[in-house]
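Student: Please take me through the structure shown below, with the cut-offs behind each term.

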Amino acid sequence: MGARNLPHDARPSAGSARDAFSLRGRVILVTGASRGLGAAMARAFARAGADLILWARDGRRLKRTAAALPRTADLLAQVVDVTRPAAVRAALARAARRFGRIDVLVNNAGVWDGDEALRLARRAWDRVLETDLASVFFLSQAVARRMRRQGYGKIINIASTSGILALPHSAAYGTAKAGLWHLTRILAVEWGPHGIRVTGIAPGVFRTNMTRDLFEDRRWARKRQAEIPLRRFGEPEDLEGLAVFLASGASDHITGQTFVIDGGASLTV
Ligand SMILES: NC(=O)c1ccc[n+]([C@@H]2O[C@H](COP(=O)([O-])OP(=O)(O)OC[C@H]3O[C@@H](n4cnc5c(N)ncnc54)[C@H](OP(=O)(O)O)[C@@H]3O)[C@@H](O)[C@H]2O)c1
């Protein structure tokens, strides 16, 4: 299919700003949706009217999170490990039977594991690279094949400011997130002609399960907070506006960009 005369190629309509940010009628798949940033984005998408497909490995927690979401539209919660290709294929097939399309994929599932580079174990390296980078590519590839047939789609990769800052103990995680940053650009170039927009969100330090150990070091937290231009760490809700914007028609002429959301933390050292 050529790049011309595709449905997504239509000029933006002159609707209200509120319409442009609406997710009504959009089917959004969020990986790692059982807690933290994924759960916050799922909540924001539900409020904006999207139909949701939510993935995580812990089925009980996922069910609890799904049950607490505003009931504005349809929802399918699936227990899926994004590093297992067979499970991913089966879940996508079931989701396709239920909804018929996926308009937005949010690659949010991620793990942190780190150590001094001289000590970093192969197992930790593999787990982080597999979850945070390889699975993002292969899930995006599978979903993009469907989006290409639709002539429209959006993929949002949750990167990290660890992908631009050279932080100690982050050889695996920082490298995976830096890779995600570049993957976002490459996929935007390759898939743009099919109407698929690929963008990224790079959070700084947000208060979630992933960063619990960091916050246990109160002295570090106080010192770091004082250095952040906006003088606070991120809360999961801080991600909601940007996530809804990137999932909605309001951002339809944006692709290949990763947006830092960190209260200005990465501007200072
Ligand atoms: N918190 C921060 O400060 C921060 C900063 C920058 C970037 N990020 C990124 O933001 C994303 C979300 O992080 P978070 O802070 O919300 O972490 P979190 O609270 O630890 O949540 C991670 C989510 O990913 C899921 N997950 C992990 N491995 C998975 C797998 N193999 N298959 C499917 N689901 C999986 C977890 O559920 P199960 O364990 O049930 O699978 C959970 O829902 C990650 O990509 C992270 O790297 C976070």
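Student: Which residues point one way from E1, and which the other way?

Tutor: Helices (H or I, at least four residues) and strands (E, at least two) are DSSP runs, numbered from the N terminus. E1 is mostly covered, with five of its five residues buried, where buried means under 20% relative accessible area, exposed over 50% and partly exposed in between (1.4 Å probe, protein chains only). Val27, Leu29 and Thr31 point one way, and the other way point Ile28 and Val30.

Student: What kind of model is this?

Tutor: Residues are numbered from 1 along each chain as its sequence is written, and side-chain values use heavy atoms, with hydrogens and water left out. Local features need pLDDT of at least 70, side-chain atom pairs count only at pLDDT 80 or more, totals for chains, interfaces and linings use all residues, and the model is predicted.

Student: Which residue in E2 stands opposite leucine 29?

Tutor: E1 and E2 run parallel and are joined by five bridges; two strands pair if DSSP finds at least two bridges between them. Opposite leucine 29 in E2 stands isoleucine 53.

Student: Which are the edge strands of the sheet?

Tutor: The open sheet has seven strands with parallel pairing, in the order E3-E2-E1-E4-E5-E6-E7. An edge strand here pairs on one side only, which identifies strand E3 (75-79) and strand E7 (258-261).

Student: How many degrees does the twist average from one strand to the next?

Tutor: Angles run from 0 to 180 degrees between N-to-C directions, and axes are lines fitted to C-alpha atoms, for helices over the stretch in contact. From one strand to the next, the twist averages 15 degrees.

Student: Which residue in E5 does valine 106 stand opposite?

Tutor: E4 and strand E5 (residues 153-158) pair in the parallel sense over four bridges. Valine 106 stands opposite isoleucine 156.

Student: What angle does the direction of H6 make with that of E6?

Tutor: Contact means heavy atoms within 4.5 Å. H4 packs on the sheet, touching strand E1 (27-31), strand E2 (51-56) and E3, and its direction makes about 165 degrees with that of E3. Helix H6 (residues 171-191) also packs on the sheet, touching E5, strand E6 (196-203) and E7. The direction of H6 makes with that of E6 an angle of about 160 degrees.

Student: Is H4 roughly parallel or roughly antiparallel to H5?

Tutor: Two packed helices are described by the angle between their axes and the distance between the axes. The axes of helix H4 (residues 85-99) and helix H5 (residues 122-150) come within 11 Å and cross at roughly 30 degrees. Angles under 35 degrees count as roughly parallel, over 145 as roughly antiparallel, 65 to 115 as roughly perpendicular and the rest as oblique. H4 and H5 are therefore roughly parallel.

Student: How do the residues of the contact of H4 with H5 divide into nonpolar, polar and charged?

Tutor: Val88, Leu92, Ala93 and Ala96 in H4 meet Leu139, Ala142, Val143 and Arg146 in H5. Ala, Val, Leu, Ile, Met, Phe, Trp, Tyr, Cys and Pro count as nonpolar, Asp, Glu, Lys and Arg as charged, and the others, Gly among them, as polar. The contact of H4 with H5 thus divides into seven nonpolar, no polar and one charged.

Student: Is the crossing of H2 and H9 left-handed or right-handed?

Tutor: The axes of H2 and H9 come within 9 Å and cross at roughly 55 degrees, which makes H2 oblique to H9. A crossing is left-handed if the near helix is turned anticlockwise from the far one by less than a right angle, and right-handed if clockwise. The crossing of H2 and H9 is right-handed.

Student: Why is helix H9 largely enclosed by the rest of the structure, and which of its residues are buried?

Tutor: H9 (residues 240-247) is largely enclosed because six of its eight residues are buried. The buried residues pack against E1, helix H2 (36-47), E4, E5, E6 and E7. They are Glu240, Leu242, Ala243, Val244, Leu246 and Ala247.

Student: Is asparagine 108 buried or exposed?

Tutor: Asparagine 108 lies in the loop between strand E4 (104-107) and H5. Not counting residues up to four places away in sequence, asparagine 108 touches Thr31, Gly32, Leu37, Gly38, Met41 and Ile158. With a relative accessible area of 11%, asparagine 108 is buried.

Student: Does leucine 118 count as buried or exposed?

Tutor: Leucine 118 has its place in the loop between E4 and H5. At 86% relative accessibility, leucine 118 counts as exposed.
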